[in-house]
Amino acid sequence: MLSRLTRTQAVAVCALPVAALIATAVFAPLPFTVAQPGTTANVLGAVKGSEVITVSGAPVRSTSGQLRMVTIVATGPDVRVSLGDVIGNWFRTDRAVMPKDAVYSGDTVKEIERHNVAQMRQSQGAATQAALNYLGLSAGKVKIELKLAGVGGPSAGLLFTLGIIDKLHGDGSGGDLTGGRTIAGTGTIDADGTVGAVGGVALKTQAARRDGATVFLVPKAECADARVELPKGLRLVPVTTLKGAVNALTALEKGKDSVPSC
């Protein structure tokens, strides 16, 4: 059939399936999700009318400054992400295109919600235990309730722990861990005080600076990621342990030169 067509006609006929394939590739759903900076919340204050940290069985300090946990927002597992979406967001500094499997554990929205809620509860328990261990307090005498509606996952663990310590102990000499600053950060926490990586830090630094933070605590293993598109005026402080995070904040508050940096 093609032998009976002119060269121009033959090219046009051959181009049709190619164009169809390109169109299919552009609009077909791909196994990616698009993330962007999300909300932040001061764990030393209240969110939606409820105190994030409530303590009973021990005196609570009045604090100044803020300790802001940060989030990212990603397209849901049921949202179609096409090649056009990937290309359109790939070069934006306020967006990140990531494999869906790296963001979500589960195939449905309900499965993911259950997983995130379970991780948050586990993180809150570890944060409470890590703080009490650090302060040498008994869980049988001091009761701590953590409440942060609408947020899931384990990445607020470090900031929860620091918030508890600041409310109960401060810097240990009458001052605040924050030194009156707005401190943001991210990282998981284990009961023994080990800080773990979380992902998405390049977007989280943007959310932190947008909401007034001047210092960002980042798991040391993610320093390189945090430096990518780092907002002007935001200082990175790497941490690997709760003790190291407290020491860094105390040194920063007192103007010492021993504050680590990425």
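1. Helix α5 is followed by G170, a residue whose phi is positive, near 60°. The model is a predicted one, and the value for G170, like the others in this note, should be read as a property of that prediction.

2. The helix that precedes G170 is mostly covered, with twelve of the twelve residues of α5 counted as buried. Among them are the nonpolar positions L158, L159, F160, L162, I164, I165 and L168, but D166 and K167 are buried as well, as are G157, T161 and G163. As to length, the end C-alpha atoms of α5 lie 17 Å apart, which agrees with the 16 Å that its twelve residues should span at 1.5 Å a residue.

3. The partner to consider alongside α5 (residues 157–168) is helix α8 (residues 242–253), since the axes of these two helices come within 11 Å and cross at roughly 60°. That angle makes α5 oblique to α8, and the crossing of the two is right-handed.

4. Which residues of α5 and α8 meet at this crossing? From α5 the contact takes in L158, T161, L162 and I165, and from α8 it takes in L242, A245, V246 and L249. By character, the residues of this contact divide into seven nonpolar, one polar and no charged. The spacing of the positions can be read against the geometry of a helix: an α-helix has 3.6 residues a turn, so residues three or four places apart point the same way.

5. Helix α8 itself has twelve residues and reaches 16 Å from its first C-alpha to its last, close to the 16 Å expected at 1.5 Å a residue. Its buried residues are L242, A245, V246, A248, L249, T250, A251 and L252, a list that includes the four residues of α8 that meet α5, namely L242, A245, V246 and L249. Just after α8, G255 takes a positive phi of about 75°.

6. A separate point concerns P231, whose place is in the loop between α7 (223–227) and β12 (235–239). Is P231 buried or exposed in this model? At 17% relative accessibility P231 counts as buried, because the cut-off for that class is under 20%. Leaving aside its neighbours within four places in sequence, P231 is in contact with T205, Q206 and R209. The C-alpha atoms of P231 and R210 are 8.8 Å apart in space, although these two residues are 21 residues apart in sequence.

Methods. Residues numbered from 1 in each chain as written. Predicted model: local features only at pLDDT ≥ 70, side-chain atom pairs only at ≥ 80, totals over all residues. Heavy atoms only, no water. Axes fitted to C-alpha atoms, helices over the stretch in contact; angles between N-to-C directions. Parallel < 35°, antiparallel > 145°, perpendicular 65-115°, else oblique. Left-handed = near helix turned anticlockwise from the far one by under 90°. Contact = heavy atoms within 4.5 Å. Expected span 1.5 Å × (residues − 1). Buried < 20%, exposed > 50% of the residue type's maximum accessible area, 1.4 Å probe, protein only.
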